[in-house]
Structures are given as C-alpha cells and as structure tokens.
Amino acid sequence: MGAAMFRILYEDADLIVCVKPAGTATQTRRAGQQDMVSLLRNYRHQKGEEPYIGLVHRLDQPVEGILVFGKHTKSTAALARQLTKGMFSKVYLAVTEGNMPQQEGKRTDYIKKDAHDNRSEIVPASDAKGKKAELYYRVLETDQKQDPVKNLVKIQLLTGRHHQIRVQMAHFGTPLAGDRKYGRPQGDQAFGLCACELAFRHPATGKEMAFAITPSQAVFKIFHTY
C-alpha cells in the first residue's frame, strides 16, 4: 500500500532516496494522516526489515521532491552532519507569478519563524530572531500569456530556513503559483515548487550521490524548458 504512494530512486543498506509526492507530509503528528516516515517504515516492515527510518531533512507538505532518509542511526547522523555543514546541494524548480525584477541573482534576507502560525517573515538584519537566508536564482522561461505572468525559475538553496523559497520569492514581489499562504489566497492550481535535484556524499563510502527528477505538477507543463 505505502510503496505505491512514493517512488524510490535509490536504496542500499544505509539509506533510501525517494520522491515525496506533493500533498504528503514529510513527518506529521496528526492522527490518521500519512507521511513519508510512516510510509517508509511500513515499506521496510513489509520487506521483513527493521522499520527504522531516520529523518535527515524535510520538504513542505505541498512540495514534490527528493528526500534522503537514513536506514540506521549511524548513517542518519552522518547525513545530518553533512546537512549542518552545508554539504548538501539542493536545487529547486519554482513557478513564480509576476514580473521578475532581475533574470538572475543572489538573494540574502533574514527570516523569522512564527511557530504558532506556521509562518515566516522577512525581518531586518538587526532582529535577534532573524536567521540569514540565502539563495541563487535564474529565470529559465517566462510566459507572458498567463495572467498573472508566470516564470520558471531555477533556485539553489544555500541555507535551509523555514518556508525560505516561498517567503523570499513573495518578498521579491513574485510569489509562488498556488501558494495561498504567501501568495494569492484564492485559486486551486497546483503548487509551483519542486525539489528537483539533490546531491550529497554517501555516509559510508564517501561517494558523491546525485539525483534529479522532472516535476509532475500541472503548473510546470506550460513551460518548454525544465
């Protein structure tokens, strides 16, 4: 049952790399709601394995994309150390709405998380609760026929803040398509964000591991290059 709801890109004795579908939480405490951790535990249980799944990083529930999980505590800790040291390479494709002020560049902001409302906001660098958030972006294609104008943007995250891409793009004046929290409150289009590339070193061998997917969400289909 669980295995049909996600796609495994790679698996060995130390880790699992899979594609999280849009709409599925990475991990949740809500009763009765499936998440990737529980789905993968069930998957391992069905194979007769110890159903341990080590959480290394997350994706927001509306986001489709690549995740890596540890299959034992040692590999999970090693992957988590890489993440903390900025050794993960994470690339996203985003669909933004509105005219991008620049076609390419680096954005540096300071983000403060409000855990009570599950929101984040841009704050001055002087705010003690603000954390530095950096990313590179490049516009791959713009469709002027759409209302509002839509852009296909490639983004490389340099930090991993709460809702970082969503908040920074909205602050740029070009929120993500389908993002009701930081963009337009109405509309039922698919969420315009996909974690499409992930690279790291294997926790046991040190070998460079790199994975890539093509977004499946309908909002990406209007573009010709991705």
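# Working through a predicted fold

α3 is mostly covered, with 6 of its 8 residues buried. Keep in mind throughout that this is a predicted model. The exercises below start from that helix and work outwards.

## Exercise 1: The covered helix

**Task.** Find which residues of α3 are buried, and name the strands that the buried residues of α3 pack against.

**Solution.**
- Step 1. Go along α3, which spans 164-171. The buried residues are Gln 164, Ile 165, Arg 166, Val 167, Gln 168 and Met 169.
- Step 2. Look at what surrounds them. The buried residues of α3 pack against β5, β6, β7 (119-123), β8, β9 and β10.
- Step 3. Check what comes after the helix. Gly 173 follows α3 and has a positive phi, near 90°.
- Step 4. Now look at the loop between β9 and α3, where His 163 is found. His 163 has a positive phi of about 55°, although it is not a glycine.
- Step 5. Decide whether His 163 is buried or exposed. Buried means under 20% relative accessible area; His 163 has 8%, so it is buried.

## Exercise 2: The whole chain

**Task.** Describe the order of helices and strands along the chain, then test its radius of gyration against that of a compact globule.

**Solution.**
- Step 1. Count the elements: the chain has 3 helices and 11 strands.
- Step 2. Put them in sequence order, and the pattern reads β-β-α-β-β-α-β-β-β-β-β-α-β-β.
- Step 3. Compare the radius of gyration. A compact globule of 226 residues would have a value near 17 Å, and the chain has 18 Å, so the two agree.
- Step 4. Add the outer dimensions: the C-alpha atoms fill a box of roughly 50 × 40 × 35 Å along the principal axes.
- Step 5. Turn to burial and contacts. Of the 226 residues, 46% are buried. Among contacts with a separation of 6 or more, 64% are between residues 24 or more positions apart.

## Exercise 3: Two nonpolar cores

**Task.** Identify the residues with the most contacts inside the largest nonpolar core, and say how many residues this core has.

**Solution.**
- Step 1. The largest nonpolar core has 29 residues, and Leu 40, Ile 155 and Ile 165 have the most contacts inside it.
- Step 2. Trace the elements behind this core. β2 (15-20), α1 (36-46), β4 (64-70), β5, β8, β9, α3 and β10 (193-201) each supply at least two of its residues. The most come from α1, which gives 5 residues.
- Step 3. Another core, of 23 residues, lies apart from this one and includes Leu 15, Val 17, Leu 152 and Phe 200.
- Step 4. Return to Ile 155 for a closer view. Leaving out residues up to four places away in sequence, Ile 155 touches Lys 90, Val 91, Tyr 92, Ala 94, Leu 135, Tyr 136, Tyr 137, Ile 165 and Met 169.

## Exercise 4: Pocket and cavity

**Task.** Describe the lining of the largest pocket by residue class, then do likewise for the largest cavity.

**Solution.**
- Step 1. The largest pocket has a volume of about 1,400 Å³. It is lined by 41 residues, and those closest to its centre are Arg 58, Leu 59, Asp 60, His 162 and His 163.
- Step 2. Sort the pocket lining into classes: 14 residues are nonpolar, 15 polar and 12 charged.
- Step 3. Find the contributing elements. α2 (73-84), β5 (89-97), β6 (104-114) and α3 each supply at least two residues of the pocket lining.
- Step 4. Move on to enclosed space. The structure holds 2 cavities of 30 Å³ or more, and the largest cavity has a volume of about 50 Å³.
- Step 5. His 57, Leu 59, Ile 66, Lys 90, Val 91, Tyr 92, Ala 195, Glu 197 and Leu 198 line the largest cavity. By class they are 6 nonpolar, 1 polar and 2 charged.

## Exercise 5: A loop with a cis bond

**Task.** Locate the cis peptide bond and work out whether Val 149 is buried or exposed.

**Solution.**
- Step 1. The cis bond joins Asp 147 and Pro 148, with omega about 0°. Pro 148 lies in the loop between β8 and β9.
- Step 2. Val 149 lies in the loop between β8 (131-143) and β9 (150-157). Its relative accessibility is 13%, so Val 149 counts as buried.
- Step 3. List its neighbours. Not counting residues up to four places away in sequence, Val 149 touches Thr 96, Glu 97, Gly 98, Asn 99, Thr 142, Asp 143 and Gln 144.

Terms used. Residues are numbered from 1 along each chain as its sequence is written. This is a predicted model: local features need pLDDT of at least 70, side-chain atom pairs count only at pLDDT 80 or more; totals for chains, interfaces and linings use all residues. Side-chain values use heavy atoms; hydrogens and water are left out. On a 1 Å grid over the protein atoms alone, a cavity is a set of points where a 1.4 Å probe fits but cannot get out, and a pocket is an open set with protein on both sides within 12 Å along at least five of seven lines; lining residues have an atom within 4 Å of a point. Grid points are joined across faces, edges and corners, and a volume is the space filled by probe spheres set on the points. Helices (H or I, at least four residues) and strands (E, at least two) are DSSP runs, numbered from the N terminus. Ala, Val, Leu, Ile, Met, Phe, Trp, Tyr, Cys and Pro count as nonpolar, Asp, Glu, Lys and Arg as charged, and the others, Gly among them, as polar. Buried means under 20% relative accessible area, exposed over 50%, partly exposed in between (1.4 Å probe, protein chains only). Contact means heavy atoms within 4.5 Å. A nonpolar core is a set of buried Ala, Val, Leu, Ile, Met, Phe, Trp, Tyr and Cys residues joined through side-chain atoms within 4.5 Å. The radius of gyration is taken over C-alpha atoms; the globule rule is 2.2 Å times the number of residues to the power 0.38.
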